[in-house]
Amino acid sequence: MTATLEPGSTVVPLRRNRRFQTLWAGSAAAMLGTCVADTAYPLLLLAMTGSPTVAGAFGAVQFGASVLFGLHGGAVADRHDRRRILILADTARLLTALSVALALAADRLTVPHALLAAAVIGATMAYGGPSRMLALRAVVPPEQLRQALSQDELRVNGAALAGPPLAGFLLGLGTAVPFLATVLTSGLALGASVAVRFDSRPGAQAPTDGREEGGREKGAAFAGLRYLFAHRVLRGTVLVAAALNLTGSAMLLAVMVLLRDHGTSQAGIGLALTGEAVGGLLGALLVSRLHRLLSPGALLLAVAWSGAAAFAVPAVAAGPVVVFAALALTSLGVPALRVMLDVLVFQRVPEEVRGRAMAGTMTLLMAGLPLGTMTAGLLLDRLPAATVLVLLAAALAAALLPLTFGRTLRGTSWTA
């Protein structure tokens with residue numbers, strides 16, 4: 001639900017909307033803490049064990065927990081008080097970071113403790129994510145929704161750009177310092193969740209054909225996915241976005257191998273990969289303009305085709321500058337695409353299943369990340385990196401052709 005205005009009242013500029021800005025600041029702190037943790041934990045585990053496998057296990061456990069609990073998190077957001085869910089998720093993340101920092105201070109941190117922290121972080125993302133998204137949107141009027149979502153994209157891309165180098169810098173100050181920083185960011189997020197009151201009651205449960213004993217809906221956690229796939233425009237939008245996530249994650253691994261094979265240093269590779277976050281930051285400033293110029297279907301196809309073209313560029317002219325530019329171009333339209341998907345969900349999905357629709361969308365998009373990386377790894381074991389990039393571009397283009405010449409997406413509009 002979004003904020004509504006009383007008759008005769010005026011819209012407060014978003015920059016003066018204290019509830020939104022407080023919640024947004026708390027969300028930004030939580031996102032920055034997560035990005036710092038995503039870099040600091042693997043580096044710490046690598047230093048503790050010397051094993052890349054153990055270091056990689058942190059991300060695998062965190063991602064697995066997010067996917068495992070993702071759909072249930074949406075169902076919880078549609079049934080229970082969302083502000084309370086936010087407070088519980090932020091508290092769990094704060095206590096987890098604090099336990100790791102204290103264990104490091106006492107020289108008692110173990111690998112199982114770190115992996116348990118990964119599972120808790122993943123679970124808090126699954127349960128807190130849909131409620132946080134709904135909370136941010138509940139404190140702005142409908143006419144400011146797109147502006148609010150554009151500002152939220154700055155949070156996501158800014159944290160992605162600042163998190164990894166900040167984690168490295170903090171680790172240089174002391175092993176426990178990054179985790180104390182995540183305690184601080186979690187505390188800021190918790191403070192925002194406690195301070196801001198909003199209409200956090202879930203909508204009435206949607207009527208269904210079949211219910212379990214006691215009136216509970218059968219397969220309630222999948223209701224959002226069922227709604228998304230029953231709606232032609234939403235189905236096409238989500239599937240194209242998922243395909244972009246899958247091929248985009250595969251591209252990242254392929255360009256890393258390509259740059260390594262061309263003798264680029266690790267520092268050079270890292271700088272080249274920041275093109276993704278830089279493109280996202282610039283793209284967040286273009287959201288409103290792109291939405292004015294293009295219909296939802298045209299925007300989706302434009303972003304997807306630009307991605308397919310950008311995938312092939314490093315295969316022709318390899319180098320860190322080219323890779324940076326290709327990643328920036330690929331990411332430039334992504335904020336507008338994410339905001340578009342969010343707006344379409346709010347326009348076309350009933351409030352009573354909106355949390356589950358958001359959770360379903362998040363789960364589908366996240367599932368493409370490890371699948372794309374695994375697919376790229378299998379291909380790179382057998383083919384040159386440049387060939388893999390061309391294959392990824394061709395696969396994405398082939399998937400886009402029927403949608404490009406069909407009427408489902410080209411005939412969409414911003415109104416429900």
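Here are three short exercises on a predicted model, each with a worked solution.

**Exercise 1: ring pairs**

Find the aromatic pairs in the whole structure and work out how Tyr41 and Phe179 are arranged.

*Solution.*
- Start with the count: a search of the whole structure turns up three aromatic pairs.
- Now take Tyr41 and Phe179: their ring centres sit 4.8 Å apart, with 70° between the planes. Planes over 60 degrees apart count as edge-to-face, and that's the label this pair gets.
- Next, place the two rings on the chain. Tyr41 belongs to helix H1 (residues 18–49) and Phe179 to helix H6 (residues 177–195), so the contact ties together parts that are 138 residues apart in sequence.
- Check the surroundings: Tyr41 and Phe179 are both buried.
- Finally, look for a wider network. Ring pairs join Tyr41 and Phe179 with Phe58 in a cluster.

**Exercise 2: a tilted pair and a loop histidine**

Classify the Phe69 and Tyr127 pair, then decide whether Phe69 is buried, partly exposed or exposed.

*Solution.*
- Geometry comes first: the centres of Phe69 and Tyr127 are 5.9 Å apart and the planes make 40°. Stacked needs under 30 degrees and edge-to-face over 60, so the pair is tilted.
- In terms of the chain, Phe69 is in helix H2 (residues 52–79) and Tyr127 in helix H4 (residues 111–138), with their positions 58 residues apart in sequence.
- For accessibility, buried means under 20% and exposed over 50%. Phe69 has 32%, so it counts as partly exposed. Tyr127, at 21%, counts as partly exposed too.
- Try the scheme on His80, which lies in the loop between H2 and helix H3 (82–105). Its relative accessible area is 45%, so His80 is partly exposed.
- One more distance for His80: Ser131 is 51 residues away in sequence, yet the C-alpha to C-alpha distance is 9.7 Å.

**Exercise 3: the cavity**

How many cavities of 30 Å³ or more are there, and which elements give two or more residues to the lining of the largest cavity?

*Solution.*
- The search of the whole structure gives one cavity of 30 Å³ or more. The largest cavity holds about 80 Å³ of space.
- List some of the lining: among the residues are Ala30, Tyr41, Arg93, Ile121 and Ser186.
- Sort the lining by element: H1, H3 and H6 each give two or more residues. H1 contributes the most, with five.
- Sort it by chemistry: the lining splits into five nonpolar residues, six polar and one charged.
- Tie back to Exercise 1: Tyr41, the edge-to-face partner of Phe179, also lines this cavity.

Technical notes: Residues are numbered from 1 along each chain as its sequence is written. This is a predicted model: local features need pLDDT of at least 70, side-chain atom pairs count only at pLDDT 80 or more; totals for chains, interfaces and linings use all residues. Side-chain values use heavy atoms; hydrogens and water are left out. Rings of Phe, Tyr and Trp (its six-membered ring) pair if their centres lie within 6.5 Å; planes under 30 degrees apart count as stacked, over 60 as edge-to-face and the rest as tilted. Helices (H or I, at least four residues) and strands (E, at least two) are DSSP runs, numbered from the N terminus. Buried means under 20% relative accessible area, exposed over 50%, partly exposed in between (1.4 Å probe, protein chains only). On a 1 Å grid over the protein atoms alone, a cavity is a set of points where a 1.4 Å probe fits but cannot get out, and a pocket is an open set with protein on both sides within 12 Å along at least five of seven lines; lining residues have an atom within 4 Å of a point. Grid points are joined across faces, edges and corners, and a volume is the space filled by probe spheres set on the points. Ala, Val, Leu, Ile, Met, Phe, Trp, Tyr, Cys and Pro count as nonpolar, Asp, Glu, Lys and Arg as charged, and the others, Gly among them, as polar.
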